[in-house]
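I set out these notebook entries as a record of what I looked up in the structure shown below. Each entry takes up one part of the chain.

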Amino acid sequence: MSVASRPVAAGKTRTCPHCKATILESLSICPGCLHHLRFDQEAAKRQVAATSALRVEGVIRHPPLQDPWEYFVVIAIRNDRGEEVTRQVVNVGALQNTEKRTFALSVEVLPPQAPESQSTPKAAAGPVSAGRKP
Ligand SMILES: [Zn+2]
(Lines give C-alpha, C1' and ligand atoms only; values in the text may rest on other atoms or scores of the structure.)
Protein backbone atom coordinates (compact mmCIF):
# COMPACT_ATOMS: atom_id res chain seq x y z
CA MET A 1 0.00 0.00 0.00
CA SER A 2 2.70 2.45 0.97
CA VAL A 3 4.73 3.82 -1.90
CA ALA A 4 8.33 3.82 -0.74
CA SER A 5 8.21 1.05 1.82
CA ARG A 6 10.02 -2.09 0.76
CA PRO A 7 11.54 -4.47 3.26
CA VAL A 8 15.31 -4.32 3.43
CA ALA A 9 17.49 -7.28 4.36
CA ALA A 10 18.05 -7.20 8.12
CA GLY A 11 21.40 -5.65 8.98
CA LYS A 12 22.01 -4.18 5.52
CA THR A 13 24.00 -0.96 5.78
CA ARG A 14 24.73 2.19 3.84
CA THR A 15 26.70 5.37 4.34
CA CYS A 16 24.96 8.50 5.57
CA PRO A 17 25.51 11.13 2.85
CA HIS A 18 25.73 13.87 5.49
CA CYS A 19 28.07 12.53 8.20
CA LYS A 20 29.49 9.45 6.40
CA ALA A 21 28.59 7.14 9.31
CA THR A 22 27.72 3.54 8.50
CA ILE A 23 24.04 3.17 9.33
CA LEU A 24 21.22 0.71 8.72
CA GLU A 25 19.70 0.88 5.25
CA SER A 26 16.24 0.64 6.80
CA LEU A 27 16.51 3.88 8.78
CA SER A 28 14.80 7.07 7.67
CA ILE A 29 16.76 9.32 10.03
CA CYS A 30 20.51 9.05 10.61
CA PRO A 31 21.06 8.27 14.32
CA GLY A 32 24.40 10.06 14.17
CA CYS A 33 23.66 13.46 12.63
CA LEU A 34 19.83 13.24 12.78
CA HIS A 35 19.39 14.22 9.12
CA HIS A 36 16.33 12.88 7.34
CA LEU A 37 17.48 10.47 4.66
CA ARG A 38 14.25 9.55 2.93
CA PHE A 39 10.53 9.95 3.19
CA ASP A 40 9.17 6.59 4.18
CA GLN A 41 6.35 6.56 6.68
CA GLU A 42 6.77 2.90 7.58
CA ALA A 43 10.49 3.31 8.20
CA ALA A 44 9.91 6.47 10.23
CA LYS A 45 7.27 4.75 12.37
CA ARG A 46 9.56 1.79 12.88
CA GLN A 47 12.43 4.03 13.95
CA VAL A 48 10.21 5.90 16.41
CA ALA A 49 9.20 2.53 17.88
CA ALA A 50 12.84 1.57 18.55
CA THR A 51 13.54 0.66 22.15
CA SER A 52 16.70 0.87 24.20
CA ALA A 53 17.98 -2.66 24.76
CA LEU A 54 20.98 -1.26 26.62
CA ARG A 55 21.73 2.13 28.08
CA VAL A 56 24.69 3.06 30.26
CA GLU A 57 25.52 6.57 31.37
CA GLY A 58 28.21 7.88 33.67
CA VAL A 59 29.97 11.09 34.66
CA ILE A 60 33.70 11.58 35.14
CA ARG A 61 34.79 14.67 37.03
CA HIS A 62 38.34 15.91 37.32
CA PRO A 63 39.32 16.57 40.95
CA PRO A 64 40.54 20.07 41.85
CA LEU A 65 44.26 20.78 42.24
CA GLN A 66 45.39 17.86 40.10
CA ASP A 67 47.21 17.73 36.79
CA PRO A 68 45.04 17.38 33.68
CA TRP A 69 43.79 13.94 32.71
CA GLU A 70 43.76 12.66 29.16
CA TYR A 71 41.06 10.17 28.22
CA PHE A 72 39.98 8.03 25.30
CA VAL A 73 36.63 6.35 24.70
CA VAL A 74 36.62 2.87 23.16
CA ILE A 75 33.60 0.82 22.16
CA ALA A 76 34.11 -2.89 21.46
CA ILE A 77 31.42 -5.30 20.27
CA ARG A 78 31.81 -9.08 20.51
CA ASN A 79 29.68 -11.75 18.92
CA ASP A 80 28.26 -14.78 20.75
CA ARG A 81 31.57 -16.63 20.33
CA GLY A 82 33.42 -13.84 22.10
CA GLU A 83 35.14 -12.65 18.93
CA GLU A 84 35.53 -8.94 18.51
CA VAL A 85 33.31 -7.71 15.69
CA THR A 86 34.44 -4.12 15.95
CA ARG A 87 36.55 -1.90 18.17
CA GLN A 88 36.52 1.84 17.70
CA VAL A 89 37.97 4.86 19.42
CA VAL A 90 34.99 7.18 19.54
CA ASN A 91 36.59 10.23 21.09
CA VAL A 92 39.60 11.49 22.99
CA GLY A 93 40.07 14.55 25.17
CA ALA A 94 41.37 16.02 28.37
CA LEU A 95 39.86 17.09 31.68
CA GLN A 96 41.21 19.63 34.11
CA ASN A 97 40.15 21.96 36.93
CA THR A 98 36.96 20.13 38.02
CA GLU A 99 35.71 19.81 34.44
CA LYS A 100 33.32 16.94 33.86
CA ARG A 101 32.14 14.82 30.96
CA THR A 102 29.04 12.69 30.71
CA PHE A 103 29.39 9.51 28.66
CA ALA A 104 26.30 7.71 27.39
CA LEU A 105 26.14 4.45 25.45
CA SER A 106 22.90 3.12 24.07
CA VAL A 107 21.90 0.23 21.85
CA GLU A 108 18.55 0.74 20.13
CA VAL A 109 16.57 -2.21 18.81
CA LEU A 110 14.14 -1.77 15.94
CA PRO A 111 10.88 -3.73 15.65
CA PRO A 112 10.72 -6.21 12.75
CA GLN A 113 9.93 -4.77 9.34
CA ALA A 114 6.45 -5.41 8.08
CA PRO A 115 6.66 -8.15 5.46
CA GLU A 116 5.32 -6.87 2.15
CA SER A 117 4.55 -9.86 -0.03
CA GLN A 118 6.43 -12.88 1.27
CA SER A 119 4.38 -15.54 3.02
CA THR A 120 7.04 -17.97 4.19
CA PRO A 121 9.24 -16.67 6.96
CA LYS A 122 12.79 -18.04 6.78
CA ALA A 123 13.70 -17.80 10.46
CA ALA A 124 11.37 -18.09 13.40
CA ALA A 125 12.55 -15.15 15.46
CA GLY A 126 14.76 -13.19 13.09
CA PRO A 127 18.07 -11.53 13.97
CA VAL A 128 16.76 -9.25 16.71
CA SER A 129 17.18 -10.64 20.19
CA ALA A 130 16.92 -8.24 23.06
CA GLY A 131 18.05 -10.74 25.65
CA ARG A 132 14.95 -11.52 27.60
CA LYS A 133 11.29 -10.91 27.28
CA PRO A 134 9.26 -8.83 29.73
ZN1 LIG B 1 24.41 11.13 9.35
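**Entry 1: Confidence**

I began with confidence, and in the protein chain I found the lowest value in H1, at a mean of 85, and the highest in E4, at 97. The score is pLDDT, the predictor's confidence in each residue, from 0 to 100. This is a predicted model, in which local features need pLDDT of at least 70 and side-chain atom pairs count only at pLDDT 80 or more, while totals for chains, interfaces and linings use all residues. I number residues from 1 along each chain as its sequence is written.

For the protein chain I noted a mean pLDDT of 84, with 81% of its residues at 70 or more. Over residues 129-134 the pLDDT is below 50, and I found that this stretch has 3 contacts in the model beyond near neighbours in sequence. Residues 118-127 also have pLDDT under 50, and for them the model has 4 contacts beyond four places in sequence. I take two residues to be in contact if their C-beta atoms, placed from the backbone, lie within 7 Å.

**Entry 2: Overall layout**

I then listed the secondary structure and recorded 1 helix and 6 strands in the protein chain. Helices (H or I, at least four residues) and strands (E, at least two) are DSSP runs, numbered from the N terminus. Along the sequence I read the pattern β-β-α-β-β-β-β.

How much of the protein chain counts as buried? I found 2% of its 134 residues in that class. A residue is buried if 20 or more other C-beta atoms lie within 10 Å of its own, exposed if 12 or fewer, and partly exposed in between, with C-beta atoms placed from the backbone. I also looked at contacts between residues at least 6 apart in sequence, and 50% of these join residues at least 24 apart.

**Entry 3: The E4-E5 hairpin**

I turned next to strand E4 (residues 69-78), which pairs with E5 in the antiparallel sense over 10 bridges. Two strands pair if DSSP finds at least two bridges between them. E4 and E5 form a hairpin with 5 residues between them, and I noted a positive phi of about 85 degrees at Gly 82 in the turn. Beside this hairpin turn I checked one bridge, in which Arg 78 has Glu 84 in E5 as its partner.

Both strands are hardly covered: I counted 0 buried among the 10 residues of E4 and 0 among the 12 residues of E5.

Within strand E5 (residues 84-95) I looked up Asn 91. Val 73 stands opposite Asn 91. Is Asn 91 buried or exposed? I record Asn 91 as exposed, because 12 other C-beta atoms lie within 10 Å. I also took the C-alpha separation of Asn 91 and Ile 75, which is 9.9 Å for two residues 16 apart along the chain.

**Entry 4: E3 and E6**

I examined E3 next, which is joined to E6 by 10 bridges, the two running antiparallel. One of the facing pairs I noted is Val 56 opposite Leu 105 in E6. E3 lies largely in the open, because the number buried among its 11 residues is 0.

**Entry 5: Loop residues**

In the loop between strand E3 (51-61) and E4 I found Leu 65. Leu 65 counts as exposed because it has 6 C-beta neighbours inside 10 Å. Its phi is positive, at about 60 degrees, although Leu 65 is not a glycine. I note for context that most residues other than glycine have a negative phi.

I found a second such case at Asn 97, a residue other than glycine with a positive phi near 50 degrees. Asn 97 is in the loop between E5 and strand E6 (100-109), and it is exposed, with 10 other C-beta atoms within 10 Å.

Gln 96 lies in the loop between E5 and E6. Which residues does Gln 96 contact, leaving aside its neighbours within four places in sequence? I found His 62 and Pro 68. Gln 96 counts as exposed, with 12 C-beta neighbours inside 10 Å. From Gln 96 to Leu 65 I read 8.8 Å, C-alpha to C-alpha, across 31 residues in sequence.

**Entry 6: The helix**

Last, I looked at helix H1 (residues 41-48), in which Val 48 is found. Val 48 is exposed because 11 other C-beta atoms lie within 10 Å. I place Val 48 at 9.8 Å from Ile 29, C-alpha to C-alpha, the two being 19 residues apart in sequence.
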